[in-house]
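Work through the exercises below with the sequence and the model at hand. Each task is followed by a solution in steps.

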Amino acid sequence: MERVTISLDEDLLGHFDRYLDKKGYASRSEAIRDLLRDRLEQEKLSEDKAENAIACLSYVYNHEQRELSRRLARTQHAHHHLVLSTLHVHLDYENCLEVALLKGNTHEVRRLAEATIAETGVRHGNLHIVPDDMPKRHDHG
């Protein structure tokens, strides 16, 4: 690792230290590394430089909405190459929470998420997406 020195005014440093305490960071260095990684990943995604992504799509929907459960299941099956896993939770008599873990081409992952959230009866949809730039090795040695 290389050592980098930065200068911050007292107010900004005070806010940063409160952030560290709130998030439970052991050091400023680790917090800065995490913030930099996050910002660089988001930049890569916003500039369409990430070919592949890993994502968590979560949404609440009314399972009483006509044919909605069937349409959602059909969409996931049509995109089985992107859907790693799903979790389905019954919130009450009408509403369900579903979480889908997705992995694949960034544009396809986004399109699937947008199509899901746009379905009539789906609400509170959110996509958390990060670039999948991990080395592609399979080694048990």
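## Exercise 1: a buried threonine

Thr116 touches Leu57, Tyr59, Leu72, Thr75 and Val122, leaving aside residues up to four places away in sequence; contact means heavy atoms within 4.5 Å. This is a predicted model, in which local features need pLDDT of at least 70, side-chain atom pairs count only at pLDDT 80 or more, and totals for chains, interfaces and linings use all residues. Residues are numbered from 1 along each chain as its sequence is written, and side-chain values use heavy atoms, with hydrogens and water left out.

Task: State in which element Thr116 is found, and whether Thr116 is buried or exposed.

Solution.
1. Elements are DSSP runs numbered from the N terminus: helices are H or I with at least four residues, strands are E with at least two.
2. Thr116 belongs to helix α4, residues 106-118.
3. For accessibility, buried means under 20% relative accessible area, exposed over 50%, and partly exposed in between (1.4 Å probe, protein chains only).
4. With a relative accessible area of 6%, Thr116 is buried.

## Exercise 2: elements and overall form

Task: Give the order of the elements along the chain, then decide whether the chain is more spread out than a compact globule or not.

Solution.
1. The chain contains 4 helices and 4 strands.
2. Read from the N terminus, the order is α-α-β-α-β-β-α-β.
3. The radius of gyration of the chain is 20 Å, well over the 14 Å that the globule rule gives for 141 residues, so the chain is more spread out than a compact globule. The radius is taken over C-alpha atoms, and the rule is 2.2 Å times the number of residues to the power 0.38.
4. The C-alpha trace spans about 60 × 40 × 35 Å along its principal axes.

## Exercise 3: totals for the chain

Task: Find what percentage of the residues is buried, and what percentage of the contacts with a separation of 6 or more joins residues 24 or more positions apart.

Solution.
1. Of the 141 residues in the chain, 26% are buried.
2. Among contacts with a separation of 6 or more, 66% are between residues 24 or more positions apart.
3. The exposed area of the chain is about 10,400 Å², of which carbon and sulfur atoms supply 51%. Accessible areas come from the Shrake-Rupley method with a 1.4 Å probe; for residues, only the protein chains shown count as cover.
4. There are 20 positive and 25 negative side chains, and the centres of the two sets are 3 Å apart. Lys and Arg count as positive and Asp and Glu as negative, while His and the chain ends are not counted. Each charge is placed at NZ of Lys, CZ of Arg, CG of Asp or CD of Glu.

## Exercise 4: the cysteines

Task: Explain why Cys96 forms no bond with Cys56.

Solution.
1. A disulfide is a pair of cysteine sulfur atoms within 2.5 Å, and a search of the whole structure finds 0 of them.
2. Cys56 is in no disulfide, and the nearest cysteine sulfur, that of Cys96, is 17 Å away.
3. Seen from Cys96, the closest cysteine sulfur is in Cys56, and 17 Å is too far for a bond.
4. Cys96 is buried, at 1% relative accessibility, whereas Cys56 is partly exposed, at 28%.

## Exercise 5: sequence and space

Task: Compare the separations in sequence and in space for Pro131 with Leu36, Leu35 with Gly121 and Val4 with Asn95.

Solution.
1. Pro131, in strand β4 (residues 122-131), is buried at 5%. Pro131 and Leu36 are 95 residues apart in sequence, and 14 Å separates their C-alpha atoms.
2. Leu35, in helix α2 (residues 28-46), is partly exposed at 37%. Leu35 and Gly121 are 86 residues apart in sequence and 36 Å apart, C-alpha to C-alpha.
3. Leu35 touches Phe16 and Tyr19, not counting residues up to four places away in sequence.
4. Val4, in the segment before α1 (10-23), is exposed at 64%. Val4 and Asn95 are 91 residues apart in sequence, with 50 Å between their C-alpha atoms.

## Exercise 6: positive phi

Task: Locate Glu67 and His124 and give the phi of Glu67 and of His124.

Solution.
1. Glu67 lies in the loop between β1 (52-62) and α3 (68-78). Although not a glycine, Glu67 has a positive phi of about 65°, and Glu67 is partly exposed at 37% relative accessibility.
2. His124 lies in strand β4. His124 is not a glycine either, yet has a positive phi of about 60°; His124 is exposed, with a relative accessible area of 62%.
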